[in-house]
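Q: Please take a close look at one part of this model for me, and then follow the chain to whatever that part leads to. I'd like one connected account rather than a list.

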Amino acid sequence: MSFFVAIVGLGLLVLVHEAGHFFTARAVGMSPRKFYIGFPPAIFRVRRNDIEYGIGAIPLGGYVKIPGMHRPAPSDLDAHFGPALSEAPQLLAPVERVKRHLADGDMEGARTLIAELESALEHASVGEQPRKIARKGLVELKDGLGRDAYWRQRTWKKVAVIFAGPGTNLLFAIILFFLLFLLVGGKATRTIELVENGLPAQTAGLRPGDQIVAINGARVRPDRISRTITSSKGHPLTVAVRRDGRLIRIGPVQPKVIDGAYRLGFRLKAEPLGPAPSLWQSLRVTGLVTKEIGASLSRLVQGNKKEVSSPVGIVEGSSQAIKQGFETYLWVLGLLNLSLALLNLLPLLPLDGGHIAFSVIEGVRGRAVGREVYERASAVGIALVLLLFFIGLSNDVGRIGGN
């Protein structure tokens, strides 16, 4: 069940991301053709108002198909009509007429010839697979020549549509943090809310409801309890708690390294904050996490690969968070939203940051970047993304296997 909830949570992140692209595209006059959670093959799909909504069998992301991401080129027809031409040479003349208009930059002229090419394909004697490939090419060509094609839009519209995905994840993370601070709390109290199984706090006899009064004989403020334990460097501690009106001495108990710091394995109850403090703390946490993600990317460039994780590790980590309580899981979900937003803004194709970078370049140049440049940049970007995926997967397998 925890793995199922974790996967649903990951799907929610993707849904939020793709919804940002989808609704922004519609708002600025681009009509999306598809909205998918997961990648093909489709296990469910339905068509509404000329838009195909679906769920893919591969739960590694999602996509919104926006028409005409690239300026149509003559080579597109070679790729899509090549198999059909080998079986029906009579298609050569209409194909070449469209290609000439595309080569001359006459998009309107090419659009007027689509009906002729479509009719020629329907009457040609070709096999089912070549016909299917050619029909797909015609759909792509129509989208690319349409008025709502992405490549035809002004720069600010293109940037807005692409940025909306990670931007929505960023906004969702801030809202989630805000609600957690507002409803659950952010200011620590002395009261223990949760004692984790199998860790020093439980072994020593600490219980939920205990109020920590002193550590090693010195009174300690609620906001200093965690820091005092961490700064012990693993040396044994005695903890004085108030339980049912009585003062009880626990320990000595030795902290253990948990998530990179010395801890006993309990969580303090937090007091809810007001709206203004909650918003400030939400923005503060977002800034701190953003800074840390940037630092981790810097360490990755320097050769530290241990911090990279794949969807396998994300789901496994999320499921562990669920076992610690729904509140913990929501914090993790907010952090994952923020990570998804920031990593998608890296200036690499096919990531959103790469599309934004190329849109800005095209706006400055005043004309579209050549398809071959896109393809080469995408090949490099995909290779880097796959490399990160396999590094993360290797780390996850090692961590899970080690546990």
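A: Asn 49 sits in the loop between S1 and S2, so let's start there, keeping in mind that this is a predicted model. Although Asn 49 is not a glycine, its phi is positive, at about 50°. The two strands that flank this loop are S1, covering 34-48, and S2, covering 51-65.

Strand S1 has a backbone detail of its own. Pro 41 belongs to S1, and the peptide bond that joins Pro 40 to Pro 41 is cis, with omega at about 10°. A second cis bond turns up further along the chain, between Leu 349 and Pro 350, where omega is again near 10°. Pro 350 is placed in a loop, the one between helix H12 (326-344) and helix H13 (352-365).

Back at the strands, S1 and S2 also take part in a pocket. Together with helix H6 (128-145), each of them gives at least two residues to the lining of the second largest pocket. This pocket holds about 430 Å³ of space. Its lining counts 15 residues, and those nearest the centre are Lys 34, Lys 132, Arg 135, Lys 136 and Val 139. H6 makes the largest contribution to that lining, with 9 residues. If you are thinking about chemistry, the class count is worth a look: 12 of the lining residues are charged, 2 are nonpolar and 1 is polar.

H6 leads on to another helix. Two packed helices are described by the angle between their axes and the distance between the axes. For H6 and helix H2 (residues 74-87), the axes come within 8 Å and cross at roughly 145°, and the crossing is left-handed. On the H2 side, the contact is made by Leu 77, Ala 79, His 80, Phe 81, Pro 83, Ala 84 and Glu 87, which meet Pro 130, Ile 133, Ala 134, Gly 137, Leu 138 and Leu 141 of H6. By class, this contact has 10 nonpolar, 2 polar and 1 charged residues.

Finally, a word on confidence. The chain has a mean pLDDT of 86, with 90% of its residues at 70 or more. Helix H3 (residues 92-103) has the highest mean, 93, while helix H11 (residues 311-323) has the lowest, 61. Where pLDDT is low, the predicted coordinates should not be read in detail.

How values were computed
Residues are numbered from 1 along each chain as its sequence is written. This is a predicted model: local features need pLDDT of at least 70, side-chain atom pairs count only at pLDDT 80 or more; totals for chains, interfaces and linings use all residues. Side-chain values use heavy atoms; hydrogens and water are left out. On a 1 Å grid over the protein atoms alone, a cavity is a set of points where a 1.4 Å probe fits but cannot get out, and a pocket is an open set with protein on both sides within 12 Å along at least five of seven lines; lining residues have an atom within 4 Å of a point. Grid points are joined across faces, edges and corners, and a volume is the space filled by probe spheres set on the points. Helices (H or I, at least four residues) and strands (E, at least two) are DSSP runs, numbered from the N terminus. Ala, Val, Leu, Ile, Met, Phe, Trp, Tyr, Cys and Pro count as nonpolar, Asp, Glu, Lys and Arg as charged, and the others, Gly among them, as polar. Axes are lines fitted to C-alpha atoms, for helices over the stretch in contact, and angles run from 0 to 180 degrees between N-to-C directions. A crossing is left-handed if the near helix is turned anticlockwise from the far one by less than a right angle, and right-handed if clockwise. Contact means heavy atoms within 4.5 Å. pLDDT is the predictor's confidence in each residue, from 0 to 100.
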